[in-house]
Amino acid sequence: MSWENGDGLVPLRALANPLRIRIVSLLTGTSMSATEVAEELGIAHASASYHLRQLAEAGFLQQVDERPSPGGKGRPRRIYRYDPSSGARLDRANGRQLVHEALSTDLARRLAQTKLQRMSMDAEVWLDRTVWEEIVGLIEQAVALAHDKAGPPRSGDRVKVSMTAILLELDDVR
């Protein structure tokens, strides 16, 4: 089964599930196996394996290698990582509303886990186009920095954080 539609774009249905959004977010920082994802998210191995395969088939994850199973028994574990180039397909694909609904659901989970809120903002304002483009560029830089510097869970002096950025250019509906 392929998630691609007629024009070669990946539909957002693959991400329209809060658990899959968590998996993609987790794999932004490090490559992991289904066993590691299951342990980190507190889900069944079979569920983690299924969702990893679906996300890989949709092009959001890459299989990077296989590690020997602990103790050398059984099949080697498949290791997956986030494919940063997959983000370029998101804004051109159909079904954006499904992903926003899944993000909203996951954001509610993250808010419930909040230990310290560092920043929050909301604005529905009018800006000069140049100012708007500057803001978009700064947020793109912040998102790239978060993805580039993300690492494996619970290693070194790391802090678990949540960063959600949605910049919307609205219709002028009165």
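How many helices and how many strands make up the secondary structure of this protein? The answer is 6 helices and 3 strands, and I should say at the outset that what we are looking at is a predicted model. If you follow the chain along its sequence, these elements come in the pattern α-β-α-α-β-β-α-α-α.

Let me begin with the protein as a whole, before we go to single residues. The protein has 174 residues, and 28% of them count as buried. Its accessible surface comes to about 12200 Å², and carbon and sulfur atoms hold 52% of that area. As for how the chain meets itself, if we take the contacts with a separation of 6 or more, then 60% of them join residues that are 24 or more positions apart.

Now let us turn to the inside. The largest nonpolar core is a set of 21 residues, and the ones with the most contacts inside this core are Ile23, Leu27, Val37, Leu52 and Leu61. Helices α1, α2 and α3 and strand β3 each give at least two residues to this core, and the largest share, 5 residues, is that of α1. To see what one of these core residues does, take Ile23, which, leaving aside residues up to four places away in sequence, touches Val37, Leu41, His51, Leu52, Leu55 and Leu61.

Two of those partners bring us to helix α2, which spans residues 34-41, and in which Ala34, Val37, Ala38 and Leu41 are buried. Why do these four sit on the same side of α2? They do so because the arc they cover around the helix axis is only 100°. The elements that cover these buried residues include α1, at residues 18-29, β1, at 32-33, α3, at 45-57, and β3, at 77-82. Just after the helix comes Gly42, which takes a positive phi of about 70°.

Next, I would like to look at the stretch before α2. Is Thr30, which counts at 19% relative accessibility, buried or exposed? Thr30 counts as buried, because the cut-off for that word is under 20%. Thr30 is placed in the loop between α1 and β1, and, not counting residues up to four places away in sequence, this residue touches Tyr80, Gly151, Pro152 and Pro153. The C-alpha atoms of Thr30 and His147 are separated by 9.9 Å, although the two residues are 117 residues apart along the chain. A little further on, Ser33 lies in strand β1 and is buried, with a relative accessible area of 0%. Again leaving out residues up to four places away in sequence, Ser33 touches Leu52, Arg77, Arg78 and Ile79.

Let us now move to the charged side chains, where a search of the whole structure finds 4 salt bridges. One of them joins Asp106 and Arg109, with 2.7 Å from N to O, and both residues lie in helix α5, residues 96-112, where they are 3 residues apart, about one turn of the helix. The two partners differ in their cover, since Asp106 is buried, with a relative accessible area of 2%, whereas Arg109 is partly exposed, with 25%. Asp106 and Arg109 also belong, together with Arg110, to a network of salt bridges.

Another residue to follow is Arg129, which forms a salt bridge with Glu133, the closest N and O atoms being 3.4 Å apart. These two are separated by about one helical turn, because they are 4 residues apart in helix α6. Arg129 counts as partly exposed at 48% relative accessibility, and so does Glu133, at 42%. Arg129 also forms a salt bridge with Glu169, and here the closest N and O atoms are 2.9 Å apart. Since Arg129 is in helix α6 and Glu169 in the segment after α6, this pair ties together parts that are 40 residues apart in sequence. Glu169 itself counts as exposed, at 54% relative accessibility.

I will finish on the surface, with a nonpolar patch of about 380 Å² that is made by Val125, Leu127, Val131, Ile135 and Leu167. Of these residues, Ile135 lies in helix α6, which spans residues 129-149, and Ile135 counts as partly exposed, at 31% relative accessibility.

Conventions: Residues are numbered from 1 along each chain as its sequence is written. This is a predicted model: local features need pLDDT of at least 70, side-chain atom pairs count only at pLDDT 80 or more; totals for chains, interfaces and linings use all residues. Side-chain values use heavy atoms; hydrogens and water are left out. Buried means under 20% relative accessible area, exposed over 50%, partly exposed in between (1.4 Å probe, protein chains only). The arc is that of the directions from the helix axis to the C-beta atoms. Contact means heavy atoms within 4.5 Å. Accessible areas come from the Shrake-Rupley method with a 1.4 Å probe; for residues, only the protein chains shown count as cover. A nonpolar core is a set of buried Ala, Val, Leu, Ile, Met, Phe, Trp, Tyr and Cys residues joined through side-chain atoms within 4.5 Å. Patches are made of residues with over 30% relative accessible area and no salt bridge: like charges are joined within 9 Å, nonpolar side chains (Val, Leu, Ile, Met, Phe, Trp, Tyr) within 5 Å.
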